[in-house]
Amino acid sequence: MLVTFPRIGPYQLSGRLILAPMAGITDRPQRMLCRRFGAALAVSEMVTSDTRLWNSNKSKHRLPHQDDLEPRVIQIAGTEPEQMANAAKANVALGAQIIDINMGCPAKKVCNKAAGSALMKDEKLVESILQAVVKAVNVPITLKMRTGWDSSNKNALTIAKIAEQSGIKAIAIHGRTRTDLYNGEAEYDTIAEIKQQINLPIFANGDIASPEKAQFVLNYTKADALLIGRAAQGNPWLFREINYFLETGHYYSSPTFTERKQVMLEHLTALHILYGEAMGMRIARKHMGWYLSYLPEGIVFKQQFNQLESAQEQYTYIKNIFTQ
């Protein structure tokens with residue numbers, strides 16, 4: 001059976017798997033690795049729409065870089081239509097080829113500013129933001145949202161209709177409400193309903209952590225693609241495994257210890273280079289901890305790794321645990 005992969009504006013994707021944006025996680029090293037192992041698209045970390053804050057180290061690392069794989073997708077978050085439009089313009093000037101609008105983040109520090117998934121409470125403001133951003137730039141605009149604010153207020157279908165009318169080119173939906181955070185299980189009925197009624201590429205998100213689950217969600221929702229987030233932490237091979245299963249119905253073998261070591265060392269080095277030794281070491285503790293959790297004695301390895309005091313010690317430690 002011939003499978004047609006989704007298109008976002010002029011960009012034809014090469015597959016149905018997308019690395020979901022995650023603040024503090026989907027930086028350039030993570031995006032590059034996930035693309036290598038089969039993600040057709042990798043969305044950057046969320047960046048504030050307040051361009052006055054872009055001089056911070058955090059924002060500088062999140063803005064588009066010309067050496068990122070194309071198409072370069074930047075996610076912006078904010079509450080003011082004009083500010084969001086200006087942020088989109090500024091990101092496009094820096095090389096962004098797709099702008100993603102965040103209406104899915106459930107974090108308190110985002111929602112307390114009425115941004116992220118809190119925007120779903122105000123449908124008129126949603127419409128104003130979407131229209132302002134679409135009008136401001138000549139690149140495709142996509143939207144990421146949740147099913148609603150809480151179980152009594154699931155208005156994702158209404159917002160999807162607003163998005164379609166506003167010129168949005170694709171919509172990603174996490175199968176939880178804002179108040180669900182990441183608790184319980186994602187539901188896919190809302191996503192399936194939206195896919196039936198909206199004539200845009202629809203991407204399903206939430207709890208997709210295995211080849212079988214990916215196949216189930218695609219079949220159940222009829223979504224055009226899947227967003228994979230937390231399950232790819234320390235496991236960029238998941239994209240390869242899911243793609244292989246979707247294509248063949250068979251399982252791809254787990255990465256060997258040699259491959260794990262090579263990828264972990266490469267990822268570690270990239271973090272040290274991108275952030276510098278001090279910050280790179282701190283961020284590496286998080287990423288290496290996820291990788292180590294897949295190994296026997298992973299908890300012990302993680303505790304030991306977190307005690308190390310130089311980039312060289314971190315590199316040597318990862319290298320040595322695979323020779324024990």
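Me: Buried means under 20% relative accessible area. With that cut-off, which residues of H1 are buried?
Reply: Keep in mind that this is a predicted model. Helix H1 covers residues 28-36, and 7 of its 9 residues count as buried, so the rest of the structure largely encloses it. Going along the helix, the buried ones are Arg28, Pro29, Gln30, Arg31, Leu33, Cys34 and Arg35.

Me: What do those buried residues of H1 pack against?
Reply: Let's start with the strands: the buried residues of H1 pack against E3 (17-19) and E4 (41-48). Helices join in too, and the partners there are H9 (238-248), H10 (257-275) and H11 (277-292).

Me: Why is strand E5 called largely enclosed?
Reply: Side chains in a regular strand alternate between the two faces of the sheet. In E5, one side has Val73, Gln75 and Ala77, the other has Ile74 and Ile76, and all of them are buried. So E5 (residues 73-77) is largely enclosed by the rest of the structure, with a buried count of 5 of the 5 residues.

Me: Which residue in E5 does Val47 stand opposite?
Reply: E4 and E5 pair in the parallel sense, over 4 bridges. Look across from Val47 and you'll land on Ile76.

Me: And on the E6 side, is the crossover from E5 right-handed or left-handed?
Reply: E5 and E6 (residues 98-103) run parallel, joined by 4 bridges. One of the pairs to look for is Gln75 with its bridge partner in E6, Asp100. To get from E5 to E6 the chain passes through helix H3 (residues 81-93), and this β-α-β crossover is right-handed.

Note on methods:
Residues numbered from 1 in each chain as written. Predicted model: local features only at pLDDT ≥ 70, side-chain atom pairs only at ≥ 80, totals over all residues. Heavy atoms only, no water. Buried < 20%, exposed > 50% of the residue type's maximum accessible area, 1.4 Å probe, protein only. Helix = DSSP H or I, 4+ residues; strand = E, 2+ residues; numbered from the N terminus. Contact = heavy atoms within 4.5 Å. Pairing = 2+ DSSP bridges. Right-handed = clockwise from strand over helix to strand, strands pointing away.
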